[in-house]
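The following exercises introduce a structure step by step. Please study each task before reading its solution.

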Protein chains: 2
Amino acid sequence: MSAKEKLLYAASRLFEEKGYSGTTTAAVAAMAGVAEVTLFRHFKNKETLFRETVKQIQGSVILEISDREGDPDLRDGLCHFAKTLCRYFMEQNRTIRMMLFESIRNPELKDLLKEGPMRSVTRLEFFFSYHISQGRLPSVDPRIYADSLISLVFGYTIGLVSLKEKQDINSELEYLEDIITTAFLPELKH
Amino acid sequence: MSAKEKLLYAASRLFEEKGYSGTTTAAVAAMAGVAEVTLFRHFKNKETLFRETVKQIQGSVILEISDREGDPDLRDGLCHFAKTLCRYFMEQNRTIRMMLFESIRNPELKDLLKEGPMRSVTRLEFFFSYHISQGRLPSVDPRIYADSLISLVFGYTIGLVSLKEKQDINSELEYLEDIITTAFLPELKH
DNA sequence: TATGTAAGTAAGTAGTTACTAACATATCGG
DNA sequence: CCGATATGTTAGTAACTACTTACTTACATA
């Protein structure tokens with residue numbers, strides 16, 4: 001692993017935990033096991049390091065949720081989608097929370113934040129428009145369904161990790177399934 | 001206004017915008033218009049100032065959402081609740097995002113975060129159990145309904161303010177109403 | 001053998017940061 | 001009016017912070 005890679009890896013862990021101003025260049029270099037001056041040879045300044053770090057964090061996001069797009073069972077597809085998204089938000093929750101905060105002062109981070117969730121909105125829209133075309137849902141703008149499911153899962157997961165002491169992932173996923181079949185599109189239940 | 005009050009007010013604005021490590025005691029004192037040493041006479045250290053600030057921020061939260069608890073119209077009550085909550089999350093979004101981030105390193109902040117949203121969960125539970133008792137909803141645990149509505153509104157609002165460039169509050173509230181009547185409990189629609 | 005490249009070491013700069021000490025002044029209740 | 005309490009002023013400290021400079025080492029390639 002090159003020095004630059006080591007620095008980016010260390011930086012991602014530190015920025016994620018301590019945010020921009022809580023992270024020092026000395027700490028990043030130390031965690032990467034390289035000299036601090038090497039950091040400044042690869043990155044013009046701390047700000048540049050932060051930006052490049054954020055880019056590669058978000059670049060590593062792979063959402064493997066598309067494999068149910070043509071699922072014949074709407075309810076199953078929905079639950080699968082929700083659970084996958086929930087797991088993703090859980091894994092990335094610290095990065096997300098950090099970026100949610102840093103984007104207050106650095107609005108261009110919004111674009112990077114969008115890349116993750118927004119891509120899933122498009123995916124979900126396809127999913128819903130397919131099921132609408134099959135007559136399984138009333139023919140309204142599929143974006144409404146997509147937005148609401150993503151909002152629901154996002155809110156549920158971030159609330160979960162931010163408020164609860166300890167989480168048992170499996171029981172949380174089960175509860176999420178309950179929520180979806182009971183309150184979200186309950187007409188699906190039977 | 002006493003020096004202490006001025007300090008707490010300035011601190012709340014700065015911590016909310018820049019977080020803990022982005023805020024300096026000098027800046028707080030300057031914004032409050034008092035000498036920095038006065039800050040340390042009222043608060044043992046920066047950490048204490050932060051904690052007391054956070055306490056009073058959350059202490060000022062008044063949720064006036066209870067006035068529809070016995071509403072005969074489930075759909076109207078729900079929309080009213082959701083909109084009120086949405087407005088609250090919008091107003092408080094920077095504080096919420098800051099605390100969501102700071103609670104990564106300072107887990108005791110979770111308790112303070114809970115006070116706001118959690119109180120509304122209880123309120124909502126009453127609302128739903130009333131309508132369940134009236135036979136307007138299937139008799140499941142009302143907490144499921146409460147959790148999902150709060151998750152939905154929370155996720156929607158935080159997503160909104162964090163991703164969108166400019167928000168027109170009224171059209172966002174309308175869209176939220178669409179979401180609720182279309183995707184959340186759609187059986188209410190008629 | 002010569003040269004370029006990536007990394008290290010060591011030292012330092014200029015500014016910031018949380019926090020303290022000592023002393024002076026203002027304000028206010030009794 | 002007195003005395004206590006609150007606040008200001010000034011100065012300082014020790015550590016930290018982002019970033020720079022000058023020079024060195026190791027290795028690969030021409």
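Contact means heavy atoms within 4.5 Å. The model is predicted: local features need pLDDT of at least 70 and side-chain atom pairs count only at pLDDT 80 or more, whereas totals for chains, interfaces and linings use all residues. Residues are numbered from 1 along each chain as its sequence is written, chains are lettered from A and ligands numbered from 1 in the order in which they are written, and side-chain values use heavy atoms, with hydrogens and water left out.

**Exercise 1. The two copies**

Determine how chain B is related to chain A, and through which surface the copies meet.

Solution. Step one is the superposition, done by least squares on the C-alpha atoms of residues with pLDDT of at least 70 in both copies. A turn of 180° and a shift of 0.0 Å along the axis lay chain B on chain A with an RMSD of 0.1 Å. The two copies are thus related as by a two-fold rotation axis. Step two concerns the interface: 100% of the interface residues of chain B are also interface residues in chain A, so the copies meet through the same surface.

**Exercise 2. The surface near DNA strand C**

Describe which residues come nearest to DNA strand C and which element gives the largest share of the surface near this strand.

Solution. A residue is near a strand if one of its heavy atoms lies within 4 Å of it. There are 16 residues around DNA strand C, of which Thr38(A), Arg41(A), His42(A), Thr25(B) and Lys46(B) come nearest. On the side of the DNA, 56% of the strand C atoms within 4 Å of the protein belong to sugar or phosphate, and the rest to bases.

Next come the polar contacts (pairs of N or O atoms within 3.5 Å; within protein, one must be able to donate a hydrogen and the other to accept it, and residues adjacent in sequence count only if both atoms are side-chain atoms). Phosphate oxygens of strand C lie 3.3 Å from a backbone N or O atom of Ala3(A), 3.2 Å from one of Ala35(A) and 2.9 Å from one of Thr25(B). The elements that give two or more residues to this surface are α3 (36–42) of chain A and α3 (36–42) of chain B; helices here are DSSP runs (H or I, at least four residues), numbered from the N terminus. The largest share, four residues, comes from α3(A).

**Exercise 3. The surface near DNA strand D**

Carry out the corresponding analysis for DNA strand D, beginning with the residues that come nearest.

Solution. Among the 16 residues around DNA strand D, the nearest are Thr25(A), Lys46(A), Thr38(B), Arg41(B) and His42(B). Sugar or phosphate accounts for 54% of the strand D atoms within 4 Å of the protein. A polar side-chain atom of Arg41(B) lies 2.6 Å from a base nitrogen of strand D, while one of His42(B) lies 2.6 Å from a phosphate oxygen. A backbone N or O atom of Thr23(A) lies 3.4 Å from a phosphate oxygen of this strand. The largest share of the surface near strand D, four residues, comes from α3(B).

**Exercise 4. Thr25(B) and its surroundings**

Establish whether Thr25(B) counts as buried or exposed, and identify what it touches.

Solution. Buried means under 20% relative accessible area, exposed over 50%, and partly exposed in between (1.4 Å probe, protein chains only). Thr25(B), found in helix α2 (residues 25–32) of chain B, has 14% relative accessibility and therefore counts as buried. Not counting residues up to four places away in sequence, Thr25(B) touches Glu36(B), Leu39(B), Phe40(B) and Lys46(B). With Glu36(B), the side chain of Thr25(B) forms a polar contact of 2.8 Å.

**Exercise 5. Buried positions**

Explain why helix α6 of chain B is described as largely enclosed, then examine Ser148(B) and Leu8(A).

Solution. In α6(B), residues 93–105, 11 of the 13 residues are buried, so the helix is largely enclosed by the rest of the structure. Ser148(B), in helix α8 (residues 142–163) of chain B, is buried with a relative accessible area of 0%. The side chain of Ser148(B) reaches the backbone oxygen of Ile144(B) at 2.8 Å. Beyond residues up to four places away in sequence, Ser148(B) touches Leu152(A), Ile179(A), Ala183(A) and Phe184(B).

Leu8(A) lies in helix α1 (residues 3–22) of chain A and is buried at 12% relative accessible area. Leu8(A) and Gln56(A) are 48 residues apart in sequence, yet 8.2 Å apart in space, C-alpha to C-alpha.
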